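Below is a walk through a single protein chain, from its secondary structure to its core and strand pairing.

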Amino acid sequence: MTKLSIGPDLVSDPEGGFANGPVSNPTGRRVTALLKVMNQGNVDAGAFKVKIFLSNDSTLDGEDTLKKTFKVKGLPIGATKSLRIKVTHSASMRDKYLIGSIDADDEVAESNENNNLAVGWIQ
Ligand SMILES: [Ca+2]
Ligand SMILES: [Ca+2]
Ligand SMILES: [Ca+2]
């Protein structure tokens, strides 16, 4: 039996990570990354937010710091949105993690809600 799933499915490309980075400048206080968000589902997605967190570990939890929020107006079937991330911090972010939470406020009901995080170690 094949399970038929209908709905948008927002996911990072590559799944689970950033397309580029995150890399820090020499002081470690500025980090850049590229996050590609794709709709691999079979229904267009409406507006949603992508939130970028700074974390000491690779897990998103309540101790992490929100650094940036992107508002995406929507993403049609098969479309990709590239988000260029630049975050600054008062101390070095090297060896910490940048975590992108796609549809962070769960505004889009998706066929798969378990592939919405992109995690990257800051170099
Ligand atoms: Ca998803
Ligand atoms: Ca964390
Ligand atoms: Ca969702």
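Two strands count as paired if DSSP finds at least two bridges between them. Strands (E, at least two residues) and helices (H or I, at least four) are themselves DSSP runs, numbered from the N terminus. The model is predicted, so local features need pLDDT of at least 70 and side-chain atom pairs count only at pLDDT 80 or more, while totals for chains, interfaces and linings use all residues. Residues are numbered from 1 along each chain as its sequence is written, with chains lettered from A and ligands numbered from 1 in the order in which they are written.

The protein chain has eight strands and zero helices. Its radius of gyration, taken over C-alpha atoms, is 15 Å, close to the 14 Å of the globule rule (2.2 Å times the number of residues to the power 0.38) for 123 residues, so the chain is as compact as a globular protein of that length.

Buried residues, those with 20 or more other C-beta atoms (placed from the backbone) within 10 Å of their own, make up 31% of the chain. The largest nonpolar core, a set of buried Ala, Val, Leu, Ile, Met, Phe, Trp, Tyr and Cys residues joined through C-beta atoms within 7 Å, has 23 residues. Leu 10, Val 31 and Ile 85 are among those touching the most other members. Strands E1, E3, E4, E6 and E7 each give two or more residues to this core.

E7 (97-102) runs antiparallel to E4, with six bridges, and Val 50 stands opposite Ile 102 in E7. Five bridges join E7 to E8 (residues 117-121), also antiparallel; here Tyr 97 faces Trp 121 in E8.

Note on methods. A residue is buried if 20 or more other C-beta atoms lie within 10 Å of its own, exposed if 12 or fewer, and partly exposed in between; C-beta atoms are placed from the backbone.
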